[in-house]
Amino acid sequence: MPAVGIPTGGSNKEYPGNLTPFVTVTCIVAAMGGLIFGYDIGISGGVTSMDPFLMKFFPSVYRKKNLDKSSNKYCQYDSPTLTMFTSSLYLAALLSSLVASSVTRRFGRKLSMFFGGLLFLIGALVNGFAEYVWMLIVGRILLGFGIGFANQSVPIYLSEMAPYKYRGALSVGFQLSITIGILVANVLNYFFSKLKGGLGWRLSLGGAMVPALIITIGSIVLPDTPNSMIERGDRDGAKAHLKRIRGVEDVDEEFNDLVAASEASMQVENPWMNLLQRKYRPQLSMAILIPFFQQFTGINVIMFYAPVLFSSVGFKDDAALMSSVITGIVNAFGTIVSIFGVDRLGRRALFLEGGLQMLICQIGVAAAIGAKFGIDGNPGELPKWYAIVVVLFICTYVAAFSWSWGPLGWLVTSEIFPLEIRSAAQSVNVSVNMFCTFFVAQVFLTLLCHMKFGLFIFFAFFVVVMTIFVYFMLPETKGIPIEEMGKVWKGHSYWSRFVDNDDKGDEIEMGKSN
């Protein structure tokens, strides 16, 4: 049940339309853009636990891991260079998402998706053939540029193509692709690590070319969205296309609303400045806080450092990689649960349940690791039951994230922005997401070394804060057309003070370029 005074939304408009096979296939292909992000999250942690990779590029970490048996388990992977290998991608993604905003708005969503796939493809090639650490870093930066473009454009594309009644399920396809990418990467890491000759890491990194080719080719064959076509002046084509994707002839009401939104957005010469207007305060707040909270659940610590984390708590390399495969499977199935539940149960219910479940699991992991590793990080021989307990806690945590903050962090932020600020606001969303991912990746191994098991309590604190935030501040957006989304803020006890006065005349600042 939503909190008192917080509406669950509701709209007087119900656009006619069906979930056509054409739009279903189109959204599935577009959602494949999430594969590149997911594959990278899964592959990087597995590669950094492979001995041949560490021997070639990070020999000090290899010595600490394999030769210094007295080494504190919490600190065996604490290396600034190794951390930079992982986190440099996210800083590049942050920068490219800002550029992607202009490309998406002026040239359409497809071109941004194409650039994303192409840049990721080049980065995968550089990493696969890397001989020096600087080549790894350059490859990671190119991968990051690709992810920035894809993560900026794909969620917008999905939210605009999907009929509003099914927008949640189809948009969650993006997160499902991320989880599939993570799972595939974990499986490949497990098998490639067993290859003789130490070339497994090259195949793992170079294998990123496959998801890159999928989104690159997919972006060429996909149709553009009606919203984008109207923005670029092709109204007749947009109306014909809208009829095709909705599967009905009567699309006048929806089309007219899209045109009105486009005409309003065209008056905005500087969407970045427009985004700072008081009436967009709710959307801007969500564009910043939701991705911030999403990363401070600690999920990427679990997903791209899973093999390292499991190895650090005493699992052998094979067992660590297999445990990562298990969490990857749980992640994928949890996202499928979200696909079927998000348009039935609503966004808020999944957010709140997921937050509570993650909190319990993080406290459990902290207690389990603290009991065995203590402060000095030397647990001695670990019993099998202990390994099973740790994996169960982490899997339950991953399941909670995968049907709540994982998909909804992308879905809600893609559906709440009006057209005139949509590209700019989505860039803010992606940039905050990538910066927080970069920050967490950059400091995690150091924090693990110094905070030890208390690191999981650190993330549990943020889960408490974000759950309270959702309960009081996030209105329900289930079943509301994007062009009608402004009503959820007007009906909210807090956000209404920002939008009521400004929206009465639906005024839009005539973009004065500063």
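**A walk along helix 10 and into the largest cavity**

Let's start with helix 10, residues 209-221: its 13 residues reach 19 Å from first C-alpha to last, close to the 18 Å expected at 1.5 Å a residue (that is, 1.5 Å times one less than the number of residues). Helices here are DSSP runs of H or I, at least four residues long, numbered from the N terminus. Keep in mind that this is a predicted model, where local features need pLDDT of at least 70, side-chain atom pairs count only at pLDDT 80 or more, and totals for chains, interfaces and linings use all residues. Residues are numbered from 1 along each chain as its sequence is written, and side-chain values use heavy atoms, leaving out hydrogens and water.

Which residues of helix 10 are buried? They are P211, A212, I215, T216, G218 and S219, where buried means under 20% relative accessible area with a 1.4 Å probe, protein chains only. Looking down the axis, these buried residues fall within an arc of 165°, so they line one face of the helix; the arc is that of the directions from the helix axis to the C-beta atoms. They pack against helix 1 (21-31), helix 2 (34-47) and helix 6 (109-128), with contact meaning heavy atoms within 4.5 Å. On the other side of helix 10, V210, I217, I220 and V221 are exposed, meaning over 50%.

Now for the lining of the largest cavity. Helix 7 (133-161), helix 11 (226-231), helix 12 (235-246) and helix 13 (252-266) each supply at least two of its residues.
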